[in-house]
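Good morning, and thank you for coming. Please look at the sequence and the model for a moment before I take you through them.

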Amino acid sequence: MKKLLLIVIFIIAAVAVNPTNGNAITGKQLFKKEECGLCHAINKKGGAMMGPNLSVIGKIRSYSWIRRQIRNPKLNFFTPNSFVIFDGKVYESNMPANKKISANNLNKLSQYLKSLK
Ligand code: HEC
């Protein structure tokens with residue numbers, strides 16, 4: 001009887017800490033989910049027509065720069081219709097601000113991009 005109780009407790013605990021419950025989405029998955037890949041390529045995957053290639057973004061930008069860029073790009077590239085030069089290409093600065101991503105997911109996505117070097 002005691003053994004059965006222990007097994008039940010074990011199962012409940014296992015379900016409670018199961019990483020696939022709730023918040024398990026990774027930064028890499030968020031990049032896809034938030035549709036960043038429509039404009040940005042990472043390692044030749046994704047469209048790099050409108051936005052710079054982000055394959056080595058972690059080498060040149062800080063975590064907080066990247067985080068700010070996602071939430072409020074105008075704070076990094078302030079003037080509307082200004083042009084940004086990145087890896088030899090010129091882009092119009094018109095990245096849409098992502099206001100709906102949760103703070104937790106924003107951190108994960110920024111950490112993922114910071115890790116690309
Ligand atoms: C509609 C196209 C578009 C989408 C969608 C988009 N971006 Fe951008 N992104 C741009 C453009 C254009 C720039 C150049 C700077 C600017 O416009 O602010 C840029 C710049 C960046 C930069 C900064 C590059 C540098 O030199 O510092 C990062 C980081 C970035 N984007 C990440 C993301 C992430 C993460 C997402 C998804 C949440 C995303 N972008 C969605 C177009 C886009």
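His 40 counts as buried, because its relative accessibility is 11%. Throughout this talk, buried means under 20% relative accessible area, exposed means over 50%, and partly exposed means in between, computed with a 1.4 Å probe on protein chains only. I should state at once that this is a predicted model, in which local features need pLDDT of at least 70, side-chain atom pairs count only at pLDDT 80 or more, and totals for chains, interfaces and linings use all residues. Residues are numbered from 1 along each chain as its sequence is written, and side-chain values use heavy atoms, with hydrogens and water left out.

Which residues coordinate the iron atom of the ligand? They are His 40, through NE2, and Met 95, through SD, at 1.9 to 2.1 Å. Donors here are N, O and S atoms within 2.8 Å of the metal, or 3.2 Å for Na, K and Ca; water is not among the atoms, so sites may look incomplete. His 40 belongs to the loop between helix 2 (27–33) and helix 3 (57–60), while Met 95 belongs to the loop between strand 2 (89–92) and helix 5 (103–114). The pair therefore links distant parts of the chain, 55 residues apart. Unlike the buried His 40, Met 95 is partly exposed, because its relative accessible area is 28%.

Why is the arrangement around the iron atom octahedral? The six donor atoms subtend angles of 86 to 179°, which makes it so. The rule for six donors is that opposite donors are over 155 degrees apart and all others between 65 and 115. For comparison, ideal angles for six octahedral donors are 90 or 180 degrees.

Let us turn to the rest of the ligand's surroundings. There are 26 residues around the ligand, and Cys 36, Cys 39, His 40, Arg 61 and Met 95 come nearest; a residue is near if one of its heavy atoms lies within 4 Å. A polar side-chain atom of Arg 61 is 2.6 Å from an oxygen atom of the ligand. For Gln 69, a polar side-chain atom is 3.0 Å from an oxygen atom of the ligand. Met 95 appears again here, with a polar backbone atom 3.0 Å from an oxygen atom of the ligand.

Now the overall fold. The protein chain has five helices and two strands, in the order α-α-α-α-β-β-α along the sequence. Helices (H or I, at least four residues) and strands (E, at least two) are DSSP runs, numbered from the N terminus. Of the 117 residues in the protein chain, 30% are buried.

Strand 1 and strand 2 pair in the antiparallel sense over four bridges; two strands pair if DSSP finds at least two bridges between them. Within this pairing, Phe 86 stands opposite Lys 89 in strand 2. In a regular strand the side chains alternate between the two faces of the sheet. Strand 1, residues 83–86, has Val 84 and Phe 86 on its covered face, and Phe 83 and Ile 85 on its uncovered face.

Next, the aromatic rings. Rings of Phe, Tyr and Trp (its six-membered ring) pair if their centres lie within 6.5 Å; planes under 30 degrees apart count as stacked, over 60 as edge-to-face and the rest as tilted. By this rule there are two aromatic pairs. In one of them, the rings of Trp 65 and Phe 77 have centres 5.6 Å apart and planes at 85°, so this pair is edge-to-face. Trp 65 lies in helix 4 (residues 63–71) and Phe 77 in the loop between helix 4 and strand 1, so the pair ties together parts that are 12 residues apart in sequence. Phe 77 itself is partly exposed, because its relative accessibility is 23%.

I close with the loop between helix 2 and helix 3, where Glu 34 lies. Glu 34 is buried, because its relative accessible area is 16%. Its side chain makes a polar contact (a pair of N or O atoms within 3.5 Å; within protein, one must be able to donate a hydrogen and the other to accept it, and residues adjacent in sequence count only if both atoms are side-chain atoms) with the side chain of Lys 100, at 3.4 Å. Glu 35 is also placed in the loop between helix 2 and helix 3, and it is exposed, because its relative accessibility is 53%. Although Glu 35 is not a glycine, it has a positive phi of about 65°.

Definitions and conventions:
Tetrahedral: all angles 85-135°; square planar, octahedral: opposite > 155°, others 65-115°.
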